[in-house]
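Got your viewer open? Let's take a walk through this one, one selection after another.

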Amino acid sequence: MSSAFVRELENQWLHDIPPTMMALMRYLANENNGIVVHEKEAFTDPATGKQIHKMSNGFSYAIDENSKWYALG
């Protein structure tokens, strides 16, 4: 397949997307074959002080000190 037909999001990594919930949800939906992923819970981790986002795909995500998303598992 020509790269001209590859959608923009298909070549992105989690750490490449903007540090917003909308960008995270769009990225996760794309990774899950279009299945909508939503936030189930958000809380502050007392050990790190970072905002943790538990998502409906079973994983948790946070933003690091460089404003990059990362998965906690």
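Which helix does leucine 24 lie in? Select leucine 24 and you land in helix H1. Keep in mind as you go that this is a predicted model.

**Stop 1: the whole chain**

Zoom out for a moment. The protein has one helix and four strands, and along the sequence they follow the pattern α-β-β-β-β. Of its 73 residues, 25% count as buried. Show the surface, and you have about 5,100 Å² exposed, with carbon and sulfur atoms supplying 54% of it.

**Stop 2: the sheet**

Now colour the strands. The four of them make an open sheet in the order E1-E2-E3-E4, with antiparallel pairing. Strands E1 (39–44) and E4 (69–71) are at the edges, and each has a single partner strand, so one side of each has no neighbour in the sheet. From one strand to the next, the twist averages 25°.

**Stop 3: two hairpins**

Select E2 and E3 together. Two bridges join this antiparallel pair, and the two strands form a hairpin with four residues between them. In the turn you will find glycine 58, with a positive phi of about 95°.

Next, pick E3 (residues 60–63) and E4, which also run antiparallel and are joined by three bridges. Isoleucine 63 stands opposite tryptophan 69 in E4, while alanine 62 has tyrosine 70 as its bridge partner there. These two strands form a hairpin as well, with five residues between them.

Which residue in the turn between E3 and E4 has a positive phi of about 60°? Click on serine 67. Most residues other than glycine have a negative phi. Serine 67 has a positive value although it is a residue other than glycine. Its relative accessibility is 41%, so serine 67 counts as partly exposed.

**Stop 4: the helix over the sheet**

Turn the view until you see helix H1 (residues 21–31). H1 lies across E1, E2 (51–55), E3 and E4, and runs at about 35° to E2. Show the side chains of its buried residues: Ala23, Leu24, Tyr27, Leu28, Ala29 and Asn30. An α-helix has 3.6 residues a turn, so residues three or four places apart point the same way. What covers the buried residues of H1 includes E2, E3 and E4.

Back to leucine 24. Is leucine 24 buried or exposed? It is buried, with a relative accessible area of 0%. Beyond its neighbours within four places in sequence, leucine 24 is in contact with Leu14, Ile17, Met55, Tyr61 and Trp69. Try a distance label from leucine 24 to tyrosine 61: they are 37 residues apart along the chain, and their C-alpha atoms are separated by 8.9 Å.

**Stop 5: the core**

Select Leu14, Ile17, Ala23, Leu24, Tyr27, Leu28, Val37, Met55, Tyr61 and Trp69 as one group. These ten residues are the largest nonpolar core. H1 gives the most to this core, with four residues. In soluble globular proteins, nonpolar side chains tend to be buried together.

For another member of this core, click on leucine 14. Setting aside neighbours within four places in sequence, leucine 14 is in contact with Leu24, Tyr27, Tyr61, Trp69, Tyr70 and Ala71.

**Stop 6: histidine 53**

Move on to strand E2 and select histidine 53, which lies in it. What stands opposite histidine 53 in E3? That is tyrosine 61. Histidine 53 is buried, with a relative accessible area of 10%. Look for its side chain's polar contact with the side chain of glutamate 39, at 2.5 Å. Leaving out neighbours within four places in sequence, the contacts of histidine 53 include Met21, Phe59 and Trp69.

**Last stop: just past the helix**

Finish at asparagine 33, in the loop between H1 and E1. Coming just after H1, asparagine 33 takes a positive phi of about 55°, and it is a residue other than glycine. Is asparagine 33 buried or exposed? Exposed, with a relative accessible area of 75%.

Terms used. Residues are numbered from 1 along each chain as its sequence is written. This is a predicted model: local features need pLDDT of at least 70, side-chain atom pairs count only at pLDDT 80 or more; totals for chains, interfaces and linings use all residues. Side-chain values use heavy atoms; hydrogens and water are left out. Two strands pair if DSSP finds at least two bridges between them. Axes are lines fitted to C-alpha atoms, for helices over the stretch in contact, and angles run from 0 to 180 degrees between N-to-C directions. Contact means heavy atoms within 4.5 Å. A nonpolar core is a set of buried Ala, Val, Leu, Ile, Met, Phe, Trp, Tyr and Cys residues joined through side-chain atoms within 4.5 Å. Buried means under 20% relative accessible area, exposed over 50%, partly exposed in between (1.4 Å probe, protein chains only). Accessible areas come from the Shrake-Rupley method with a 1.4 Å probe; for residues, only the protein chains shown count as cover. A polar contact is a pair of N or O atoms within 3.5 Å; within protein, one must be able to donate a hydrogen and the other to accept it, and residues adjacent in sequence count only if both atoms are side-chain atoms.
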